[in-house]
Amino acid sequence: MLHTQLPGAVPALDAGTDWHTALLGALCGRTADYRPLRHTGSGVVAGALVSSARAAAAAIAGGAAVVSPLSPDLVVMDLDGCAVPAVLDELDAAAVEHGARLAYRALSGSLDSEHRAYVVPWSSWSAFRRAAAAAVELHRPPGAVRWTLDDRTADDPDTRRGHGLRLPLSPALKQGGGLVVPVGDDGTAVSLETATRRVWSARL
């Protein structure tokens with residue numbers, strides 16, 4: 001049995017669907033707080049919270065980066081500098097061992113960095129998270145500073161305080177970074193429709 005805190009029934013998705021809004025809703029659930037952020041000359045400035053995926057997508061279209069906790073049925077990982085083949089192979093093996101399904105994958109805009117979200121059976125919830133953290137530590141190069149796995153699952157206290165994930169197509173909040181781009185299993189960019197359908201399919 002999968003984690004039971006699902007974000008509602010699969011919505012009707014057709015040719016007229018706004019796929020950016022649909023993807024944000026699939027990732028964050030029916031009720032979410034989205035925080036627009038903008039990088040200025042004096043640092044990152046936070047805007048007012050918005051509560052709809054449509055408003056969040058509009059903020060991103062207007063140039064803001066938007067962060068939000070993802071839906072609580074997803075195990076969420078921010079791989080910073082450690083999304084290298086050895087680590088990703090370990091994560092794939094851990095997913096198979098614990099029955100986890102990769103629901104979302106995105107390049108986060110800097111070297112060897114990506115976001116991942118998994119649907120995991122409740123019985124394996126904690127074990128999978130421990131295995132993922134161990135995979136990153138196993139391959140840590142000596143002295144590596146930017147080599148971290150931040151667990152951004154919604155039950156994490158920091159995530160609940162608003163330190164969520166930068167959402168798809170959001171621009172960078174640090175110099176030299178890029179957009180958050182959803183990708184497939186081969187690491188190449190996929191459409192927002194493909195990314196959305198993958199999130200929902202992983203829950204079935």
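Trainee: Which residues of helix 1 meet helix 2?

Mentor: His20, Thr21, Leu24 and Gly25 in helix 1 do. Across from them in helix 2 are Ala53, Arg54, Ala56, Ala57 and Ile60. Keep in mind that this is a predicted model.

Trainee: How do the residues of that contact divide into nonpolar, polar and charged?

Mentor: The contact of helix 1 with helix 2 has 5 nonpolar, 3 polar and 1 charged.

Trainee: And at what angle do helix 1 and helix 2 pack?

Mentor: About 120°, with the axes 8 Å apart. Helix 1 covers residues 19–28 and helix 2 covers residues 53–61. That angle makes helix 1 oblique to helix 2.

Trainee: Is the crossing of helix 1 and helix 2 left-handed or right-handed?

Mentor: The crossing of these two helices is right-handed.

Trainee: OK, helix 3 and helix 4 next. What angle do they pack at?

Mentor: Helix 3, residues 85–98, packs against helix 4 at about 160°. Their axes are 9 Å apart. Helix 3 is therefore roughly antiparallel to helix 4.

Trainee: Which residues make the contact of helix 3 and helix 4?

Mentor: From helix 3, Val87, Glu90, Leu91, Ala94, Ala95 and His98. Helix 4 brings Ala127, Phe128, Ala131, Ala132, Ala135, Val136 and Leu138. The tally for this contact is 11 nonpolar, 1 polar and 1 charged.

Trainee: And the crossing of helix 3 and helix 4, left-handed or right-handed?

Mentor: Right-handed for helix 3 and helix 4.

Trainee: Switching to aromatics. How many aromatic pairs does the structure hold?

Mentor: There are 2 aromatic pairs. One of them is Tyr118 with Phe128. Their ring centres are 4.9 Å apart and the planes stand at 65°, so this pair is edge-to-face.

Trainee: Where in the chain do Tyr118 and Phe128 sit?

Mentor: Tyr118 is in strand 6, residues 114–119, and Phe128 is in helix 4, residues 125–138. The two are 10 residues apart, and the pair links distant parts of the chain. Phe128 also belongs to the helix 4 side of the contact with helix 3.

Trainee: Now sheets. In what order do the 5 strands of the open sheet run?

Mentor: The order is 7-4-6-5-9, with antiparallel pairing. Strand 7 (148–151) and strand 9 (181–182) are at the edges. Each has a single partner strand, so one side of each has no neighbour in the sheet.

Trainee: How many bridges join strand 5 to strand 9?

Mentor: 2 bridges join them, and strand 5 spans residues 101–107. Ala106 has Pro182 of strand 9 as its bridge partner.

Trainee: Which strands does helix 3 touch on that sheet?

Mentor: Helix 3 touches strand 4 (74–80), strand 5 and strand 6. Its direction makes about 10° with that of strand 6. Helix 6, residues 192–203, packs on the sheet too, touching strand 4, strand 5, strand 6 and strand 9. The direction of helix 6 makes about 155° with that of strand 5.

Trainee: And the open sheet of 4 strands, what order is that in?

Mentor: 2-1-3-8, and the pairing is antiparallel. Strand 2 (43–46) and strand 8 (165–166) are its edge strands, each pairing on one side only.

Trainee: What joins strand 1 to strand 2?

Mentor: A hairpin, through 2 residues. Strand 1, residues 35–40, runs antiparallel to strand 2, and 4 bridges join them.

Trainee: Which residues stand opposite each other there?

Mentor: Thr40 stands opposite Gly43 of strand 2. Leu37 has Ala46 as its bridge partner in strand 2.

Key. Residues numbered from 1 in each chain as written. Predicted model: local features only at pLDDT ≥ 70, side-chain atom pairs only at ≥ 80, totals over all residues. Heavy atoms only, no water. Pairing = 2+ DSSP bridges. Axes fitted to C-alpha atoms, helices over the stretch in contact; angles between N-to-C directions. Parallel < 35°, antiparallel > 145°, perpendicular 65-115°, else oblique. Left-handed = near helix turned anticlockwise from the far one by under 90°. Contact = heavy atoms within 4.5 Å. Nonpolar A, V, L, I, M, F, W, Y, C, P; charged D, E, K, R; others polar. Phe/Tyr/Trp six-rings, centres within 6.5 Å; stacked < 30°, edge-to-face > 60°.
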